[in-house]
Amino acid sequence: MLRVGLSGGIGSGKSTVAKRLAEHGAVLIDSDKLAREVVEPGTEGLAQIVEAFGEDVLDEHGALNRAALAAKVFTDETSRKTLNGIVHPKVAARTAELIQNAAPDAIVVHDVPLLVENGLAPAYHLVLIVHADPDERVRRLVEARGMAEQDARNRIASQADDDQRRAVADVWLDNSGTPDLVLAAVDELWADRLVPYEANVRLRRRVSGRAKVVPYDDTWPQQAERLKKRISLAAGGLRVEHIGSTAVPGIAAKDVVDLQLGVPSLQAADDLADRLGDAGFPLATKDAVDVPKPEGADQELWRKRFHASADPFRLVNLHVRVEGGPAWEWALRFRDWLRANPDEVADYQELKLKLAAEHAADETWAEYADAKEPWMAAASERMGYSGGQTS
């Protein structure tokens, strides 16, 4: 099962995207719809609202008068928290029930207006954000919903801004133009990314393929932050670090985000394997050793579990190591040493580009990695690292 979070500001056209995904076969869970269902006449939710806010929030038919309720809670933070405390747990419970009842091979799209504001992004395999220019959103709200222009602008200003949304967006769908443009983008997304991603997660299949060395991408750190939060949530809050070349500003690198998950023991790493697989990071190699070790070092201390991404559009290497162990410490120290030594970065980049050209036909990059080993071993000595000790 693939869990997809869908969000976007009011007037962005999120419902257009949601409808198209449902047409392709997605299981659509609409949080706004559920929020209405849990306060329908006769429900426990409506009874609790009446108890909290009074009978005057009901209309003449005994249904919730949303305008009357909004007048009581819109400008009062305490009242808004009370209302959220009634509605949100019921929506969450109904959402969990719908997900539980979905087929094992389902692509579940959770339409959540306040996904960003409520910090929900790490719970999904992918987050899709639907965007439209503010003036276009205002026009839609005025023309389609009959809002006054200032009211529309106030509603937009009260929500997350574009920077906050971009920080959580794995996919940014621009819906500023005509509907056919965004629908075509959704069709492509479904076929090329969502369907194969779901199959990869279900079958515990890592993404394979070559990645060439490319110029530094200044979105790598933001991408890594999203992935770190997703992995940490799956691992029960354990520490995740961005390591490797994509964690060093300015350096050319393979477009692969390397992350390091700290565990108390390798047994704990094995116990987490299924949860990481469910989150989209299946186990690739159970027993591996891959960082420069001091001569004569106990190899057991340097072992790890290696996971990789199931997302066909984002290559990730996830190194699961004992936190505080020598391999964990080496990866962090090497990253920080490069960050602090621009001359070493330049030398390392020159080597990487040279070797990438020499091993362009290497389908697995194994020869490229082996060819870097002498430089890496020498770098370990220059940075003063010797199996957990620094000099």
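These legends go with a set of close-up views of a predicted model.

**View 1. The parallel sheet with β1 in its middle stretch of the order β2-β3-β1-β4-β5.** Five strands make up this open sheet, and the pairing is parallel. At the edges sit β2 (27-30) and β5 (171-174), each of which pairs on one side only. Going from one strand to the next, the twist averages 20 degrees.

**View 2. Zooming in on β1 and its two partners, β3 and β4.** On one flank, β1 runs parallel to strand β3 (residues 107-111), and five bridges join them. Look for R3, which stands opposite V108 in β3. With strand β4 (residues 126-131), β1 again pairs in the parallel sense, over five bridges. Two spots help you line up that pair: G5 is opposite V127 in β4, and G8 is opposite V130 in β4. As for solvent, β1 is mostly covered, with six of its seven residues buried.

**View 3. S12, in the loop between β1 (2-8) and α1 (14-24).** Is S12 buried or exposed? Its relative accessible area is 1%, and buried means under 20%, so S12 counts as buried. Who keeps it company, once neighbours within four places in sequence are left aside? The contacts of S12 are V130, H131, A132, R137, R140 and N175. V130 has turned up before, as the β4 residue opposite G8.

**View 4. Helix α3 against helix α5.** Here α3 (residues 44-53) packs on α5 (residues 77-101) at an angle of about 170 degrees, and their axes are 10 Å apart. Angles over 145 degrees count as roughly antiparallel, so that is the label for α3 and α5. The crossing of α3 past α5 is right-handed. From α3 come E44, G45, Q48, I49, A52 and F53, and they meet S79, T82, L83, I86, V87 and K90 of α5. Sorted by class, this contact has six nonpolar, four polar and two charged residues.

**View 5. Helix α4 against α5.** Which way does α4 lie relative to α5? Helix α4 (residues 66-73) packs on α5 at an angle of about 130 degrees, with the axes 7 Å apart. The two helices are therefore oblique to each other. On the α4 side the contact uses L69, K72 and V73, while α5 brings S79, R80 and L83. By class, that gives three nonpolar, one polar and two charged residues. Keep an eye on S79 and L83 of α5, which are also listed in the contact with α3.

**View 6. The mixed sheet, in the order β7-β9-β12-β11-β10.** This open sheet has five strands, and its pairing is mixed. Its edge strands are β7 (240-243) and β10 (283-288), each pairing on one side only. Neighbouring strands are turned by 25 degrees against each other on average, direction ignored.

**View 7. The β7 end of the mixed sheet, with helices α10 and α13.** β7 pairs with strand β9 (residues 257-263) in the antiparallel sense, over four bridges. For E241, the bridge partner in β9 is Q260. Helix α10 (residues 220-234) packs on the sheet and touches β7, β9 and β12 (316-322), its direction making about 155 degrees with that of β7. Helix α13 (residues 326-340) also packs on the sheet, touching β7, β9 and β12, and its direction makes about 50 degrees with that of β7.

Terms used. Residues are numbered from 1 along each chain as its sequence is written. This is a predicted model: local features need pLDDT of at least 70, side-chain atom pairs count only at pLDDT 80 or more; totals for chains, interfaces and linings use all residues. Side-chain values use heavy atoms; hydrogens and water are left out. Axes are lines fitted to C-alpha atoms, for helices over the stretch in contact, and angles run from 0 to 180 degrees between N-to-C directions. Angles under 35 degrees count as roughly parallel, over 145 as roughly antiparallel, 65 to 115 as roughly perpendicular and the rest as oblique. A crossing is left-handed if the near helix is turned anticlockwise from the far one by less than a right angle, and right-handed if clockwise. Contact means heavy atoms within 4.5 Å. Ala, Val, Leu, Ile, Met, Phe, Trp, Tyr, Cys and Pro count as nonpolar, Asp, Glu, Lys and Arg as charged, and the others, Gly among them, as polar. Buried means under 20% relative accessible area, exposed over 50%, partly exposed in between (1.4 Å probe, protein chains only). Two strands pair if DSSP finds at least two bridges between them.
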